[in-house]
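Hi everyone, thanks for making time for this. I'd like to walk you through one structure today, piece by piece.

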Amino acid sequence: MGTWQLVRAGFRQQSQYRLAMVAGLATNCVFGFIRASVLLAALDASTGAFAGYTRESLAAYVWISQALLGAVLLMVPTTAVGERIKTGDIAVDFLRPVSLLAGHLWMALGRGLFTLLPRGVPAVVVGTLTVGWFLPGGVAPYLLGAVSVVLAVAGSYLGAHCVALAGFWLVETRGLNALYGIVATFLAGLFVPVDLFPGWLRGLAALTPFPTFLQYPVDVLSGRVVGLDAWSHLATQAGWLLGMLLLAQLLATLGRRHLEVQGG
Amino acid sequence: MAETTWRADLTAYRAVLGSRVRAQASYRTSFATDLATAFLVGVVELAETWVVFSQVDVLGGLSFAAVLLVFGLSNICFATADLVVGHLDRLPRYIQAGTIDVFYLRPQPLLAQLVTSEISLRRLTRIGVGVIALVWGLSVNDVPDPARAAAVVALSLVFGTVVFAAQFVTAAGCQFWLVNGAELTNSFTYGSSYAASQPASVFGTVLKLTFGYLVPAAFVGYLPTLVVLGLPGPSLLPAWLAWCLPLAALWSCLVAGLVWRAGVRHYQGAGG
């Protein structure tokens with residue numbers, strides 16, 4: 001089965017639950033309103049530089065990150081792989097002609113990209129209607145931004161995938177999953193942009209792949225980071241992606257050796 | 001007669017919960033990890049608030065010390081509601097798999113069965129984070145009238161928990177239509193808990209009306225904090241409104257009841 005068919009299958013799977021999409025969009029918007037209120041009030045109350053953010057760039061940050069939320073897997077990093085490891089169905093996946101990783105990654109990419117249409121685009125529209133126009137001019141931010149978003153969707157899936165693979169050893173990954181979800185969300189810059197963190201915390205975030213899941217694509221897509229800096233963002237994202245790909249492969253190989261499935 | 005069945009129900013509930021508690025505590029490592037994780041989740045949420053205050057001294061008229069009270073109250077209430085009814089977020093799984101049919105066949109209300117089927121003990125440490133924030137907040141703030149503060153804190157802890165529990169039920173009731181909306185249940189309840197832990201004075205009119213009246217999240221943490229500190233409060237959300245928290249809880253329960261009943265009737269079975 002071709003890669004393209006897997007992506008399309010993920011795309012179509014996600015398109016079936018229309019009401020859930022509408023509801024997801026509604027919650028994205030409500031969260032966007034709350035976050036925009038809090039951050040804009042903080043900007044008004046701030047006497048410092050506020051990391052160079054203006055009302056426009058802060059609004060762009062809030063609404064573009066809300067738009068990406070459904071596509072990027074952060075807050076609730078549940079994956080089908082985790083469930084299949086727990087039930088033992090994973091043994092069947094190992095026998096398929098498609099590698100475990102490729103099968104799930106391409107589907108996840110399809111699902112994520114579909115989610116951008118009904119949840120991402122309207123969230124940006126709602127944002128521009130309520131706080132004014134914040135999208136960048138020119139073509140470059142959109143082209144580079146598209147690449148950055150694809151890297152972020154794939155990268156965030158791989159992160160969750162690796163957590164799920166820990167299930168080969170832990171069996172119950174619920175605790176780890178919840179912890180990953182909250183730490184990743186925080187360090188990705190969902191609630192407060194990473195650039196507003198105090199220095200040591202920003203340093204800590206830079207040691208993880210999480211900012212490349214959200215802060216980076218938002219920076220590139222909103223035109224806050226342009227030119228050579230934008231390319232460097234993309235390179236960092238690609239680097240983490242590659243690292244996580246290798247980790248996922250390694251975990252799958254080791255896990256397969258460790259796996260014991262009972263029954264006949 | 002009625003009394004004996006009532007007592008029998010209670011005994012049954014105690015037996016079920018007792019078995020669930022023993023079951024959760026028997027896998028020691030897993031249970032300890034769960035407890036530690038829930039604690040860390042609370043700490044990270046507090047850190048999110050703190051990061052905003054690393055940029056500003058006062059947000060929406062409240063200092064970080066004051067926001068600790070808002071955070072503490074809303075977190076204790078949310079985590080307690082989560083402990084008691086939070087497992088309702090499993091409903092979509094039952095609906096998708098069709099196993100919900102079994103619940104319909106038993107001679108007990110569906111909601112009662114689902115609520116009493118589990119208790120999420122791992123939320124205990126999350127409540128602990130809220131208690132730490134609340135006690136910390138009470139000790140660093142200037143409290144003009146301690147008796148009034150104690151009364152409003154007690155009111156908030158009881159009825160604030162009811163408000164959040166009702167929201168869990170409302171979100172679960174929506175699942176009968178959404179089916180694949182587990183993420184939504186979480187975002188709706190977590191969204192209102194997020195709104196509850198912010199100073200509501202930063203909101204515009206629409207948000208103030210939404211989280212002040214429609215989904216009364218501001219009643220849980222923000223309004224009681226104003227009373228504790230003796231502050232007047234912004235337009236649309238005066239401090240005295242905090243004493244109307246029982247009414248807000250009643251309103252939440254009414255909405256939850258309507259949505260849940262409609263949902264239960266909407267379900268048509270998975271066949272089989």
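Before we start, one term: when I say contact, I mean heavy atoms within 4.5 Å. Also keep in mind that what you're looking at is a predicted model.

Let's begin in chain A. Find Ser222(A), in the loop that links helix 11 (215-221) to helix 12 (227-258) of chain A. What does Ser222(A) touch, if we leave aside its neighbours within four places in sequence? It is in contact with Ala60(A), Ile64(A) and Pro136(A). Closer along the chain, the side chain of Ser222(A) reaches the backbone oxygen of Asp219(A), at 3.4 Å. Is Ser222(A) buried or exposed? With a relative accessible area of 14%, it's buried, because the cut-off for that word is under 20%.

Now compare that with Gln66(A), which sits in helix 3 of chain A, residues 55-69. Gln66(A) has a relative accessible area of 1%, so this one counts as buried too. Again skipping neighbours within four places in sequence, Gln66(A) contacts Asn28(A), Phe31(A), Gly32(A), Arg35(A) and Leu190(A).

One more from this chain: Arg256(A), over in helix 12 of chain A. Arg256(A) is partly exposed, at 46% relative accessible area. If you'd like a sense of scale, Arg256(A) and Leu158(A) are 98 residues apart in sequence, and their C-alpha atoms are 18 Å apart in space.

Okay, over to chain B, starting with a residue that touches the other chain. Leu207(B) is part of helix 10 of chain B, residues 205-214. Outside its neighbours within four places in sequence, Leu207(B) is in contact with Phe33(A), Ile34(A) and Ser37(A), plus Gly212(B). Leu207(B) is buried, with 10% relative accessible area. Its C-alpha atom is 9.4 Å from that of Ala195(B), twelve residues away along the chain.

Next, helix 11 of chain B, residues 222-229. How many of its eight residues are buried? Eight of the eight, so this helix is largely enclosed by the rest of the structure. Among those buried residues are Tyr222(B), Pro224(B) and Thr225(B). Right after the helix comes Gly230(B), with a positive phi near 70°.

Last topic: how helices pack. Two packed helices are described by the angle between their axes and the distance between the axes. Let's try that on two pairs.

The first pair is helix 2 (residues 28-53) and helix 3 (residues 64-85) of chain B, which pack at an angle of about 150° with axes 11 Å apart. Why call them roughly antiparallel? Because the label goes to angles over 145 degrees, and helix 2 and helix 3 of chain B therefore fit it. Their crossing is right-handed. On the helix 2 side of chain B, the contact includes Gly42(B), Leu46(B) and Trp50(B), and on the helix 3 side, Phe64(B), Leu68(B) and Phe71(B) are among the residues taking part. By type, the contact residues of this pair are seven nonpolar, three polar and one charged.

The second pair is helix 8 (residues 146-178) and helix 12 (residues 245-266) of chain B, whose axes come within 8 Å and cross at roughly 20°. That makes helix 8 and helix 12 of chain B roughly parallel. The crossing here is left-handed. What types of residue make up this contact? There are 21 nonpolar, seven polar and no charged residues.

That's my tour, so over to you!

Conventions: Residues numbered from 1 in each chain as written. Chains lettered and ligands numbered in written order. Predicted model: local features only at pLDDT ≥ 70, side-chain atom pairs only at ≥ 80, totals over all residues. Heavy atoms only, no water. Axes fitted to C-alpha atoms, helices over the stretch in contact; angles between N-to-C directions. Helix = DSSP H or I, 4+ residues; strand = E, 2+ residues; numbered from the N terminus. Parallel < 35°, antiparallel > 145°, perpendicular 65-115°, else oblique. Left-handed = near helix turned anticlockwise from the far one by under 90°. Nonpolar A, V, L, I, M, F, W, Y, C, P; charged D, E, K, R; others polar. Buried < 20%, exposed > 50% of the residue type's maximum accessible area, 1.4 Å probe, protein only. Polar contact = N/O pair within 3.5 Å; in protein donor to acceptor, adjacent residues only side chain to side chain.
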